[in-house]
Amino acid sequence: MRPELLGLTVDADLWMRVPPARLREAGETLAAHPLTHAVAATTGECNLIAAVYCRDLRALYDFTTDVLGPLGVSGVETTVIARAVKPVGAGRG
């Protein structure tokens with residue numbers, strides 16, 4: 001997939017802290033969102049990870065406030081991907 005052809009120029013990983021009682025709801029909601037291309041529950045300080053494609057940094061900000069806020073996310077660390085050498089899900093050959 002080449003998201004830039006759709007005008008999605010920002011690829012970001014969101015490392016979130018979600019209260020355990022809201023983890024399933026948050027994960028399922030994010031998995032259904034059209035901007036996410038991966039969602040996983042994990043262990044450690046952050047217990048939910050989502051990878052998103054956004055149009056620009058403003059759209060990433062809007063995603064953080066408008067989508068994550070209502071899900072009860074208590075904290076998020078955002079990593080903007082500068083260049084993917086081998087995208088998630090890419091085959092070996």
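I began at Thr-36, whose side chain reaches the backbone oxygen of His-33 at 3.0 Å; I note at once that the model I am reading is a predicted one. The side chain of Thr-36 also reaches a second backbone oxygen, that of Leu-30, at 2.6 Å.

I then looked up where Thr-36 sits, and found it in strand 2, which covers residues 36–41. Its relative accessibility is 14%, so I enter Thr-36 as buried, the cut-off being under 20%. Leaving aside residues up to four places away in sequence, I find Thr-36 touching Leu-30, Ala-31, Ala-51, Val-52 and Phe-63.

Leu-30 led me to helix 1, residues 23–32, where I list Leu-30 as buried together with Ala-26 and Gly-27. Looking down the axis of helix 1, I see these buried residues fall within an arc of 95°, and therefore they line one face of the helix. I set beside this the general point that an α-helix has 3.6 residues a turn, so residues three or four places apart point the same way. On the other side of helix 1 I find Arg-24, Glu-28 and Ala-32 exposed. As for what the buried residues of helix 1 pack against, I record strand 1 (10–17), strand 2, strand 3 (48–54) and helix 2 (57–68).

Last, I checked the cysteines. Cys-54 is buried, with a relative accessible area of 0%, and Cys-46, at 13% relative accessibility, counts as buried too. With a disulfide taken as a pair of cysteine sulfur atoms within 2.5 Å, I count zero disulfides in the model.

Key. Residues numbered from 1 in each chain as written. Predicted model: local features only at pLDDT ≥ 70, side-chain atom pairs only at ≥ 80, totals over all residues. Heavy atoms only, no water. Helix = DSSP H or I, 4+ residues; strand = E, 2+ residues; numbered from the N terminus. Buried < 20%, exposed > 50% of the residue type's maximum accessible area, 1.4 Å probe, protein only. Polar contact = N/O pair within 3.5 Å; in protein donor to acceptor, adjacent residues only side chain to side chain. Contact = heavy atoms within 4.5 Å. Arc of directions from axis to C-beta.
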